[in-house]
Amino acid sequence: LHIQKAYTPATINYVHFLQNTDQDDEAFTILQNGLKHGNEQAELHYALGLWYVRHHDNTKALEALGRAANLDKDNAQFQYVYAVALANDNVKEAISILESSLKKHTGDVQTLYALVYYYRQIGDNKTAQQYQEKADALSHFVPKLQQWGKHKKSKICLTIQQHKSKL
């Protein structure tokens, strides 16, 4: 980082190290500096959004995650996490984001199960069932989801809180 301050992967790795060693304040400073030197890197906004989630600042988290999702519309994970965060206040907009992402990532099982969950939340069980069938069919090809799917196919267990550990 001292040699090339705008090198995003190094910044993200260093932030991860700092957070794993309980140096969250320093991690925040590094993220802020990375954004100054790395311009508008989606990965940095995503990491900052997750940092805010860990520190229970949902307003700033939503802003940073939204920025990451807008900067990298082709990243299914950024779209998913932003939609999950947004769903706390606006389920219909979260569904819109997930459906848009699904058009580019048709086999993303995580997105499909999120759509099942949110369509059930708004009472559209027919659409939820359609997504459920697609997700179930695809989950057979994803070993981790086979075990998970046996118990929780109708619910999304991954929440924005669980994403905080992925920094």
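Helices here are DSSP runs of H or I with at least four residues, strands are E runs of at least two, and both are numbered from the N terminus. With that in hand, glycine 49 can be placed in helix H3. The model is a predicted one, in which local features need pLDDT of at least 70 and side-chain atom pairs count only at pLDDT 80 or more, while totals for chains, interfaces and linings use all residues. Residues are numbered from 1 along each chain as its sequence is written, and side-chain values use heavy atoms, with hydrogens and water left out.

The overall picture is quick to draw. The protein chain has 10 helices and zero strands, so its elements, read from the N terminus, go α-α-α-α-α-α-α-α-α-α. Of its 167 residues, 42% count as buried; buried means under 20% relative accessible area, exposed means over 50%, and partly exposed is in between (1.4 Å probe, protein chains only). The accessible surface adds up to about 9,500 Å², and carbon and sulfur atoms own 49% of that. These areas come from the Shrake-Rupley method with a 1.4 Å probe, and for residues only the protein chains shown count as cover. As for contacts (heavy atoms within 4.5 Å), residues 24 or more positions apart make up 47% of those in the protein chain with a separation of 6 or more.

Next comes the nonpolar core, meaning a set of buried Ala, Val, Leu, Ile, Met, Phe, Trp, Tyr and Cys residues joined through side-chain atoms within 4.5 Å. The largest one has 46 residues, and those with the most contacts inside it are Leu31, Tyr46, Leu65, Leu98, Leu115, Tyr118 and Tyr131. Two or more residues apiece are given to this core by helix H1 (8-20), helix H2 (24-37), helix H3 (42-54), helix H4 (58-71), helix H5 (76-86), helix H6 (91-104), H7 and H8. H3 supplies the largest share, nine residues.

That makes H3 worth a stop. Its 13 residues should span 18 Å at 1.5 Å a residue, and its end C-alpha atoms are indeed 18 Å apart; the expected span is 1.5 Å times one less than the number of residues. H3 is mostly covered, with 11 of its 13 residues buried. Among them are Ala42, Leu44, His45, Tyr46 and Val53. Glycine 49 is buried too, at a relative accessible area of 0%. Its C-alpha atom is separated by 4.7 Å from that of alanine 64, although the two are 15 residues apart along the chain. Setting aside neighbours within four places in sequence, glycine 49 is in contact with Ala61, Ala64 and Leu65. After H3 comes histidine 56, with a positive phi near 60°.

Aromatic rings turn up in pairs as well. Rings of Phe, Tyr and Trp (its six-membered ring) pair if their centres lie within 6.5 Å; planes under 30 degrees apart count as stacked, over 60 as edge-to-face and the rest as tilted. A search of the whole structure finds seven such pairs. Tryptophan 51 and tyrosine 52 have ring centres 5.5 Å apart and planes at 80°, so theirs is an edge-to-face pair. Tryptophan 51 is buried at 9% relative accessibility, and tyrosine 52 is buried at 10%. Tyrosine 119 and tyrosine 131, by contrast, are stacked, with 5.8 Å from centre to centre and 20° between the planes. This pair links distant parts of the chain, as tyrosine 119 is in helix H7 (residues 109-121) and tyrosine 131 in helix H8 (residues 125-139), 12 residues apart. Tyrosine 119 is buried at 10% relative accessibility, and tyrosine 131 at 12%. Beyond its neighbours within four places in sequence, tyrosine 131 touches Glu99, Leu102, Leu112, Leu115, Val116 and Tyr119. Ring pairs also join Phe28, Trp51 and Tyr52 into a cluster.

H7 also holds threonine 111, which is buried at 1% relative accessibility. Neighbours within four places aside, threonine 111 is in contact with Leu98 and Leu102.

Finally, there is charge. Side chains of opposite charge can pair when their charged atoms come close. The structure holds one salt bridge, defined as a side-chain nitrogen of Lys or Arg within 4 Å of a carboxyl oxygen of Asp or Glu. It joins the side chains of lysine 104 and aspartate 74, at 3.3 Å from N to O. Lysine 104 lies in helix H6 and aspartate 74 in the loop between H4 and H5, so the pair ties together parts that are 30 residues apart in sequence. Lysine 104 itself is partly exposed, at 45% relative accessibility.
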